[in-house]
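Grab a coffee and open the viewer: here is a small set of exercises to work through at your own pace. Try each task before reading its solution.

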Amino acid sequence: MKHLQTDLATLISSTFYLMSRYARSQDKQLILAIHKHLILIEHHPDMQSETIRTTCNRLRSYWLHLLKKDTGTAILEENTDIPAAYSKLSFLQ
């Protein structure tokens with residue numbers, strides 16, 4: 001079975017939605033979802049804008065910094081999307 005790629009507009013819209021949810025709820029689990037969506041946008045085969053790629057990369061750094069700031073102990077080490085420097089963090093809740 002062929003893997004279907006999510007279209008770019010849906011990824012961008014869902015990322016904005018997740019960011020809005022985080023702004024309202026401060027739910028730490030949303031940080032990883034946002035980070036993963038930014039990776040998907042940055043590496044999407046239809047993404048042709050180098051400006052957007054760079055913006056996604058910078059935003060991922062921002063969200064990981066926020067995760068580091070807001071957490072203290074280990075997130076599951078199986079989470080390979082997170083750089084090693086952050087792999088020993090966990091959620092406060």
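## Exercise 1: A charged pair inside one helix

Arg 53 and Glu 50 make a salt bridge, with 3.9 Å between the closest N and O atoms. Keep in mind that you're looking at a predicted model.

**Task.** Work out which helix holds Arg 53 and Glu 50 and how many residues apart they are, then sort each one as buried, partly exposed or exposed.

**Solution.**
- Step 1: check the distance. A salt bridge needs the nitrogen and the oxygen within 4 Å, and this pair comes in at 3.9 Å.
- Step 2: place the partners. Both Arg 53 and Glu 50 sit in helix 3, 3 residues apart, or about one turn of the helix.
- Step 3: look at the cover. Arg 53 has a relative accessible area of 24%, so it's partly exposed. Glu 50 reaches 54%, so it counts as exposed.

## Exercise 2: The other salt bridge

**Task.** A search of the whole structure turns up 2 salt bridges. For the one between Glu 42 and Arg 60, say which parts of the chain it ties together.

**Solution.**
- Step 1: start with the idea. Side chains of opposite charge can pair when their charged atoms come close.
- Step 2: read the distance. The side chains of Glu 42 and Arg 60 meet at 2.9 Å, N to O.
- Step 3: find the elements. Glu 42 belongs to helix 2 and Arg 60 to helix 3, so this pair ties together parts 18 residues apart in sequence.
- Step 4: apply the burial cut-off, which is under 20% relative accessible area. Glu 42 is at 9%, so it counts as buried. Arg 60 is at 15%, so it counts as buried too.

## Exercise 3: Rings

**Task.** Start from the 2 aromatic pairs found in the whole structure and work out which residues end up in a ring cluster.

**Solution.**
- Step 1: take Tyr 22 and Trp 63. Their rings are 5.3 Å apart centre to centre with 85° between the planes, which makes the pair edge-to-face.
- Step 2: see what this pair spans. Tyr 22 is in helix 1 and Trp 63 in helix 3, so distant parts of the chain, 41 residues apart, are linked.
- Step 3: add the second pair. Tyr 62 and Trp 63 have ring centres 5.5 Å apart and planes at 80°, so this pair is edge-to-face as well.
- Step 4: join them up. The ring pairs link Tyr 22, Tyr 62 and Trp 63 into a cluster.
- Step 5: check the cover. Tyr 22 is buried at a relative accessible area of 5%, and Trp 63 is buried at 7%. Tyr 62, at 45%, is partly exposed.

## Exercise 4: The nonpolar core

**Task.** Find out which helix gives the most residues to the largest nonpolar core, and which residues Ile 31 touches.

**Solution.**
- Step 1: list the well-connected members. The core has 16 residues, and those touching the most other members are Tyr 22, Ile 31, Ile 34, Ile 41 and Trp 63.
- Step 2: count by helix. Helix 1, helix 2 (29-42) and helix 3 each put in at least two residues. Helix 2 gives the most, with 6.
- Step 3: zoom in on Ile 31. Leaving aside residues up to four places away in sequence, Ile 31 touches Tyr 22, Trp 63, Leu 66 and Leu 67.
- Step 4: look at Leu 32, also in helix 2. Leu 32 counts as buried at 9% relative accessibility. Its C-alpha lies 8.2 Å from that of Leu 64, 32 residues away along the chain.

## Exercise 5: The whole chain, and how far to trust it

**Task.** Sum up the fold and decide where to be careful with the coordinates.

**Solution.**
- Step 1: count elements. The protein chain has 3 helices and 0 strands, in the pattern α-α-α.
- Step 2: get the burial. Of its 93 residues, 35% are buried.
- Step 3: consider the surface. The chain exposes about 6400 Å², with carbon and sulfur atoms supplying 56% of that.
- Step 4: check confidence. The mean pLDDT is 80, and 70% of the residues score at least 70. Over residues 84-93 the pLDDT drops below 50, though that stretch has 32 contacts in the model beyond near neighbours in sequence.
- Step 5: draw the line. Where pLDDT is low, the predicted coordinates shouldn't be read in detail.
- Step 6: compare the elements. Helix 3 (residues 50-70) has the lowest mean pLDDT among them, at 90, and helix 1 (residues 8-25) the highest, at 96.

Notes. Residues numbered from 1 in each chain as written. Heavy atoms only, no water. pLDDT = per-residue confidence, 0-100. Helix = DSSP H or I, 4+ residues; strand = E, 2+ residues; numbered from the N terminus. Contact = heavy atoms within 4.5 Å. Buried < 20%, exposed > 50% of the residue type's maximum accessible area, 1.4 Å probe, protein only. Areas by Shrake-Rupley, 256 points an atom, 1.4 Å probe, with all protein chains shown as cover. Core = buried A, V, L, I, M, F, W, Y, C linked by side-chain atoms within 4.5 Å. Phe/Tyr/Trp six-rings, centres within 6.5 Å; stacked < 30°, edge-to-face > 60°.
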